[in-house]
Amino acid sequence: MNKWLNNNPTRLNIFPCLLCGTANAGRLGICHACEQDLPHNLSACRRCALPLPDTHHAQLCGQCLATPPICYQAHVPYIYTTPLDALITGLKFRQQLHCAHLLGSLLAQHLQKNLRQYPECIVPVPLHPSRLRERGYNQALELARPLSRSLGIQLETNLVQRVRQTRPQTELKLASRASNLRQAFQLKQPPNYRHIAIVDDVITSGHTVNALAQAFYQQGVEKVEVWAIARAICRN
Ligand SMILES: [Zn+2]
Ligand SMILES: [Zn+2]
């Protein structure tokens with residue numbers, strides 16, 4: 001093999017798969033077999049993406065039937081379990097930014113197959129400035145970049161800010177989560193869009209994205225949907 005080829009492994013796709021470590025990775029960073037084995041969220045609530053049993057023929061989960069969430073629709077192709085949880089925590093807490101390319105590309109593939117109408121822009125859930133300083137990057141923005149590129153949709157990062165430093169949702173009981181997020185987001189300018197997609201990494205209770213969606217609806221946006229890579233199985 002000549003020097004040029006050795007120095008250009010990406011061109012030849014000879015990196016090992018990020019998950020199994022053996023087969024060739026290909027364009028995404030994981031091999032085809034590992035991609036097939038990912039925990040696909042095939043039978044999910046149309047509104048909140050909660051995984052539902054295969055036998056569940058309704059399009060909405062019980063909670064969404066009883067209290068419809070603010071967001072119009074959630075597109076979340078995977079369930080938050082192994083091996084995706086490790087990739088997502090790597091992206092979120094261990095600065096493994098290469099995972100954003102893989103996860104964003106997987107989400108883009110899913111959306112290309114399933115979206116009937118593209119939004120006018122995509123808005124990553126913002127971090128509070130102090131958390132952004134601490135982490136050094138916003139994982140939702142890192143996911144949104146490959147999405148914007150693959151789908152050709154404008155990435156909007158200057159529309160909304162997080163004005164309250166909220167406690168991590170994982171530290172709070174369900175009942176406290178919605179109030180923790182009240183008034184957490186503030187628009188920096190009027191959103192001149194009718195249709196927006198919010199991007200986050202994982203949807204757990206849905207309170208974060210609902211709080212952000214509410215801020216958009218209050219300013220006249222007509223349709224707000226949610227895109228995330230994975231849905232936590234339980235509402236905790
Ligand atoms: Zn593999
Ligand atoms: Zn639901």
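These are legends for a set of close-up views of one predicted model.

The model is predicted, so local features are given only at pLDDT of at least 70 and side-chain atom pairs only at pLDDT 80 or more, while totals for chains, interfaces and linings use all residues. Residues are numbered from 1 along each chain as its sequence is written, chains are lettered from A and ligands numbered from 1 in the order in which they are written, and side-chain values use heavy atoms, leaving out hydrogens and water.

**View 1. The whole chain, before zooming in.**
The chain has 10 helices and eight strands; helices (H or I, at least four residues) and strands (E, at least two) are DSSP runs, numbered from the N terminus. Of its 236 residues, 48% are buried. Here buried means under 20% relative accessible area, exposed means over 50%, and partly exposed is in between (1.4 Å probe, protein chains only). Take the contacts between residues at least 6 apart in sequence: 69% of them join residues at least 24 apart. Contact means heavy atoms within 4.5 Å.

**View 2. Four cysteines around the zinc ion (ligand 1).**
Cys17, Cys20, Cys31 and Cys34 each offer an SG atom, lying 2.3 Å from the zinc ion (ligand 1). Donors are N, O and S atoms within 2.8 Å of the metal (3.2 Å for Na, K and Ca); water is not among the atoms, so sites may look incomplete. Along the sequence, the donor residues follow the spacing C-x2-C-x10-C-x2-C. One pair links distant parts of the chain: cysteine 20 sits in the loop between helix H2 (9–12) and H3, and cysteine 34 sits in helix H3, 14 residues apart. The arrangement is tetrahedral because the four donor atoms subtend angles of 102 to 116 degrees. Four donors count as tetrahedral if all angles lie between 85 and 135 degrees; four count as square planar and six as octahedral if opposite donors are over 155 degrees apart and all others between 65 and 115; anything else is irregular. Cysteine 20 counts as partly exposed because its relative accessibility is 34%, while cysteine 34, at 15%, is buried.

**View 3. The zinc ion (ligand 2) and its cysteine donors.**
The SG atoms of Cys45, Cys48, Cys61 and Cys64 lie 2.3 Å from the zinc ion (ligand 2). The spacing of these donor residues reads C-x2-C-x12-C-x2-C. Again a pair joins distant parts of the chain: cysteine 45 is in the loop between helix H3 (32–37) and helix H4 (62–66), with cysteine 64 in helix H4, 19 residues apart. Both cysteine 45 and cysteine 64 are buried. Angles of 104 to 116 degrees between the four donor atoms make this arrangement tetrahedral.

**View 4. Alanine 49, a residue with positive phi.**
Alanine 49 isn't a glycine, yet it has a positive phi of about 70 degrees. Look for alanine 49 in the loop between H3 and H4. With 1% relative accessibility, alanine 49 counts as buried.

**View 5. A cis peptide bond at proline 83.**
The bond running from threonine 82 to proline 83 is cis, with omega near 0 degrees. Proline 83 itself is in the loop between strand S2 (78–79) and helix H5 (84–93).

**View 6. Helix H5 packing on helix H6.**
The axes of H5 and H6 are 8 Å apart, at an angle of about 130 degrees. Axes are lines fitted to C-alpha atoms, for helices over the stretch in contact, and angles run from 0 to 180 degrees between N-to-C directions. That makes H5 oblique to H6; angles under 35 degrees count as roughly parallel, over 145 as roughly antiparallel, 65 to 115 as roughly perpendicular and the rest as oblique. On the H5 side, Leu84, Leu87, Ile88 and Leu91 make the contact, with Cys99, Ala100, Leu102 and Leu103 on the H6 side.

**View 7. Leucine 143, at the meeting of H6 and H8.**
The axes of helix H6 (residues 98–114) and helix H8 (residues 139–151) come within 8 Å and cross at roughly 45 degrees. Leucine 143 belongs to helix H8 and counts as buried because its relative accessibility is 0%. Its C-alpha atom is separated by 4.8 Å from that of glycine 104, 39 residues apart along the chain. Beyond its neighbours within four places in sequence, leucine 143 has contacts including Leu91, Val199 and Asp200.
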